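Hello,

Here is the structure I promised to pass on to you. Have a look at it first, and then read on for what turned up in it.

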Amino acid sequence: MNTKINIAGVEWKNPVTVASGTFGSGEEFSEYVDLNRLGAVTTKGVANVPWAGNPTPRVAEVYGGMMNAIGLQNPGVDVFCERDIPFLRKYDTKIIVNVCGHAPEEYLAVVERLADEPIDMMEINISCPNVNAGFLAFGQDARNVETLTAQIKKLAKQPVIMKLTPNVTDITEIARAAEAGGADAVSLINTLTGMKIDIHRRTFALANKTGGVSGPAIHPVAVRMVYQTAQAVKIPVIGMGGIATAEDAIEMILAGATAVAVGTANFADPQTAEKVVEGIEHYMEQYGIEDIHDLIGGVRE
Ligand SMILES: Cc1cc2nc3c(=O)[nH]c(=O)nc-3n(C[C@H](O)[C@H](O)[C@H](O)COP(=O)(O)O)c2cc1C
């Protein structure tokens, strides 16, 4: 049985990774999960300098998932390179580093710093607010996405995955812009912007007022967007959003995802990604599927 996939020349042993920000940088989860079993580990977002994140409270529970406004707290790329990359290198898995910034210069500084590091791929989080565009997220403007992708591709030595926000009118337009800018792959979806009000305190549940909704509640939205995006671009699509079981992951693959990421489900059960790998293998056995490629985009019309 073949579960190997290849994205821009990088071969993963299976199509399963973890979603950025839900698995730390691997170390805190390595006690519970055999990282060697995962196709890739995707790290939490890293910026050119340390970010403190947003004021608390910054997480809340909602029906079928959670909301967060962590604000991309991170130690900065220098600490990340010294501490987290050597740890992950000890495992037989691919390393995808998630990159964030408030302005193109900030993204480019991280990409340049990572260029000679032993990592396999970069994932660019374009859900960050752009200080030069009235804090509209980079990923909400197709022209910005194309320009930023092209700038990053000039400096990057590893394949570049552009991570799309679902908070747009037409995600396929943004995906096409990333492809036109030279992206090697796109990943989707990031969180959907939501709001929760604590009626007893009569105030917002999150200090930031709004936050990103994730977890099983967003899964059908993610499957729809992955399907539409896979139809719209030729580059590989990495699907995520509410995957909690192998069945959810297979749905995403049938919709057109070459690979999938497990996010919020890691908080409830840190072994979810490993169980998804096993569940996909079991499904392939059950239906006599020899090659994972026979499932990718295989939904019947
Ligand atoms: C607590 C938390 C932190 C996150 N941090 C990041 C991040 O640093 N960079 C990023 O691109 N996405 C981040 N995300 C988004 C996830 O990677 C993922 O796209 C989203 O949560 C949907 O998947 P899920 O429903 O399986 O969690 C974060 C999500 C959560 C819940």
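C100 is buried, because its relative accessibility is 0%. Please keep in mind that this is a predicted model, so everything below is computed from it.

You may wonder which cysteine sulfur is closest to that of C100. The closest one belongs to C128, and at 5.0 Å the two sulfurs are too far apart for a bond. Looking from the other side gives the matching picture: for C128, the closest cysteine sulfur is the one in C100, again 5.0 Å away and too far for a bond. A disulfide is a covalent bond between the sulfur atoms of two cysteines. The cut-off used here asks for sulfur atoms within 2.5 Å, and the pair C100 and C128 does not meet it because their sulfurs are 5.0 Å apart. C128 also counts as buried, because its relative accessible area is 1%. Searching the whole structure gives zero disulfides.

Next, the ligand. There are 22 residues around it, and the ones that come nearest are S20, K163, G215, G242 and T264. Sorted by class, this shell holds 15 polar residues, six nonpolar ones and one charged one.

Which backbone atoms lie close to oxygen atoms of the ligand? Three examples are worth finding on your screen:

- S20 has a backbone N or O atom 2.7 Å from a ligand oxygen.
- G215 has a polar backbone atom 2.8 Å from an oxygen of the ligand.
- I189 has a polar backbone atom as well, at 2.9 Å from a ligand oxygen.

How much of the ligand does the protein bury? On its own the ligand would expose 610 Å², and 94% of that is buried by the protein.

Finally, do take a look at T17, which sits in strand β3, covering residues 16–18. Is T17 buried or exposed? T17 counts as buried, because its relative accessibility is 2%. A polar atom of the T17 side chain lies 2.7 Å from the backbone oxygen of A40. The T17 side chain also makes a polar contact of 2.9 Å with the side chain of T42. Leaving aside residues up to four places away in sequence, T17 touches W12, A40, V41, T42, V260, A261 and V262.

Happy exploring, and write back whenever you like.

Best wishes

Technical notes
Residues are numbered from 1 along each chain as its sequence is written. This is a predicted model: local features need pLDDT of at least 70, side-chain atom pairs count only at pLDDT 80 or more; totals for chains, interfaces and linings use all residues. Side-chain values use heavy atoms; hydrogens and water are left out. A residue is near a molecule or strand if one of its heavy atoms lies within 4 Å of it. A polar contact is a pair of N or O atoms within 3.5 Å; within protein, one must be able to donate a hydrogen and the other to accept it, and residues adjacent in sequence count only if both atoms are side-chain atoms. Accessible areas come from the Shrake-Rupley method with a 1.4 Å probe; for residues, only the protein chains shown count as cover. Ala, Val, Leu, Ile, Met, Phe, Trp, Tyr, Cys and Pro count as nonpolar, Asp, Glu, Lys and Arg as charged, and the others, Gly among them, as polar. Helices (H or I, at least four residues) and strands (E, at least two) are DSSP runs, numbered from the N terminus. Buried means under 20% relative accessible area, exposed over 50%, partly exposed in between (1.4 Å probe, protein chains only). Contact means heavy atoms within 4.5 Å.
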